Amino acid sequence: MVKYFMTGGGAMRQIDGFEKNCWVDMINPDDVECDRISALTGVPEDMIKAALDDNERARTEFDDGCSMFVVDCPLIEESEGGDSYTTLPLALIYNERCVITVCLKGNTVLKDFITGRETVFTERPLHFVLSFMLGNAKRFLYCLKQIDRKTRRIQGEMSRTMRNSEIIQLLDLQNSLVYFSTSLNSNSRVHEKLYKVEGAAAREELLDLYEDVIIEAKQAIETCNIYKNILSVTMDAYGSVISNNANDTMRKLTIITIILAIPTMIAGFWGMNMTVPFQTQEGDTSTLWFWIVIAATAVLTIAIALVILKSSAMGASARKKKKKHRDKKEK
């Protein structure tokens, strides 16, 4: 899909076709559209198709009077498990005739340009590019805040009950932060290249805008690193909690197994096909020794259970005393 826009009277308006100093907005264009725009604008076709590869990394390219800046943009996608966060490349291309933006999907910052929420000028390509990069950095910050809120909500749910679904959601958020961190660092290198373009450092109004871009980008990088480290520590902590819970469960199962092994062993001795102590004679229907053995087994099982539970309680009490003693020393 290809749309044409132009600023006039301080407002953005859509036009029917290509005009000089217009903005060409291309969303997932096909080969025919790429060929037509290349012929109209004089921009090489390979530049126009650069951002159509979702694995394209942020970079710059200058060729035959055309300047291209490929940047990664945050993208929020809806799914059954909730919103997911990823990045998508977008190409900003300009020459003396027009400005071109190419992306596989619609971009929120460009929508703000179209609706007039952000003021840009199609006849000032470098100002257009800087304005987009500033809005893109702010969009990264917005997505990072959403990830932080979602992380806090999941942590609150996990404090009450720990399920696999919450752990998977945290893992997805951690992956999103890795994508964001990589993209922000790649974009920062594009910003450095942009500073060297003639006009970015020569004109004061562009320099101020460029400094705003750098400030917002650095803040996004620092915020992303903070959230990524916090989430990494959180995941490690939950891993330790899960491991401790598994160890506690195994300890309880081991105690139950030892306790149940006593009556099982005694019953096995009396169930052998050979003479055993206190066996009744043939024809004797008395069950006295049966109940004696049952009672002795129950008493022995209870005694062993009490010994095991008492030793576990004493061990826990000793660990608490050691911890209190250590805390007193540290104070």
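# Close-up views of a predicted model

**Figure 1. Asn21 sits in a loop between two strands.** Our tour of this predicted model starts with Asn21, which belongs to the loop linking β2 (11-15) and β3 (22-27). Take a look at the backbone here: phi of Asn21 is positive, at about 65°, although the residue is not a glycine. With a relative accessible area of 30%, Asn21 is partly exposed.

**Figure 2. Asn28 has a positive phi in the loop between β3 and α1.** Asn28 is found in the loop that runs between β3 and α1 (31-41). Its phi is near 45°, a positive value in a residue other than glycine. The relative accessibility of Asn28 is 47%, so this residue counts as partly exposed.

**Figure 3. The whole chain, for orientation.** Before going on, it helps to step back. The chain holds seven helices and seven strands. If you trace the elements from the N terminus, they come in the order β-β-β-α-α-β-β-β-β-α-α-α-α-α. The chain has 331 residues, and 39% of them are buried. Among the contacts with a separation of 6 or more, 61% are between residues 24 or more positions apart. The chain exposes about 19,700 Å², and 55% of that area is supplied by carbon and sulfur atoms.

**Figure 4. Thr41 is a buried residue of helix α1.** Thr41 has its place in helix α1. What is the relative accessible area of Thr41? The value is 1%, so Thr41 is buried. Leaving aside neighbours within four places in sequence, you can find Thr41 in contact with Phe18, Asn95, Arg97, Cys98 and Ile100. Tyr94 is also worth locating in this view: Thr41 and Tyr94 are 53 residues apart along the chain, while their C-alpha atoms are separated by 9.2 Å.

**Figure 5. Val102 is buried in strand β7.** The next stop is Val102, placed in strand β7 (residues 98-103). Its relative accessible area is 0%, so Val102 is buried. Which residues does Val102 touch, not counting those up to four places away in sequence? They are Met26, Pro29, Ile48, Ala51, Leu52, Pro89, Leu90, Ala91 and Ile93. One of these, Pro89, is 13 residues from Val102 along the chain, and the C-alpha atoms of the two are 8.8 Å apart.

**Figure 6. Asp112 lies in helix α3.** Asp112 is part of helix α3, which spans residues 108-115. Is Asp112 buried or exposed? Its relative accessible area is 19%, and residues under 20% count as buried, so Asp112 is buried. Setting aside neighbours within four places in sequence, Asp112 is in contact with Arg117 and Glu118.

**Figure 7. Two residues of helix α5, Asp172 and Asn187, differ in exposure: one is partly exposed, the other buried.** Asp172 is found in helix α5, and Asn187 lies in helix α5 as well. Asp172 has 43% relative accessibility, so it counts as partly exposed. For Asn187 the figure is 3%, so Asn187 counts as buried. Look around Asn187, leaving aside neighbours within four places in sequence, and you will find it in contact with Ala58, Val71, Asp72, Asn136 and Phe140. For Asp172, pick out Tyr85: the two are 87 residues apart in sequence and 8.5 Å apart in space, C-alpha to C-alpha.

**Figure 8. Helices α5 and α6 pack against each other.** Two packed helices are described by the angle between their axes and the distance between the axes. How do those two values come out in this view? Helix α5 covers residues 164-195 and helix α6 covers residues 204-270; they pack at an angle of about 155°, and their axes are 9 Å apart. An angle over 145 degrees counts as roughly antiparallel, and α5 and α6 are therefore roughly antiparallel to each other. The crossing in which α5 passes α6 is left-handed. The residues of the contact of α5 with α6 divide into 22 nonpolar, seven polar and two charged.

Technical notes
Residues numbered from 1 in each chain as written. Predicted model: local features only at pLDDT ≥ 70, side-chain atom pairs only at ≥ 80, totals over all residues. Heavy atoms only, no water. Axes fitted to C-alpha atoms, helices over the stretch in contact; angles between N-to-C directions. Helix = DSSP H or I, 4+ residues; strand = E, 2+ residues; numbered from the N terminus. Parallel < 35°, antiparallel > 145°, perpendicular 65-115°, else oblique. Left-handed = near helix turned anticlockwise from the far one by under 90°. Nonpolar A, V, L, I, M, F, W, Y, C, P; charged D, E, K, R; others polar. Buried < 20%, exposed > 50% of the residue type's maximum accessible area, 1.4 Å probe, protein only. Contact = heavy atoms within 4.5 Å. Areas by Shrake-Rupley, 256 points an atom, 1.4 Å probe, with all protein chains shown as cover.
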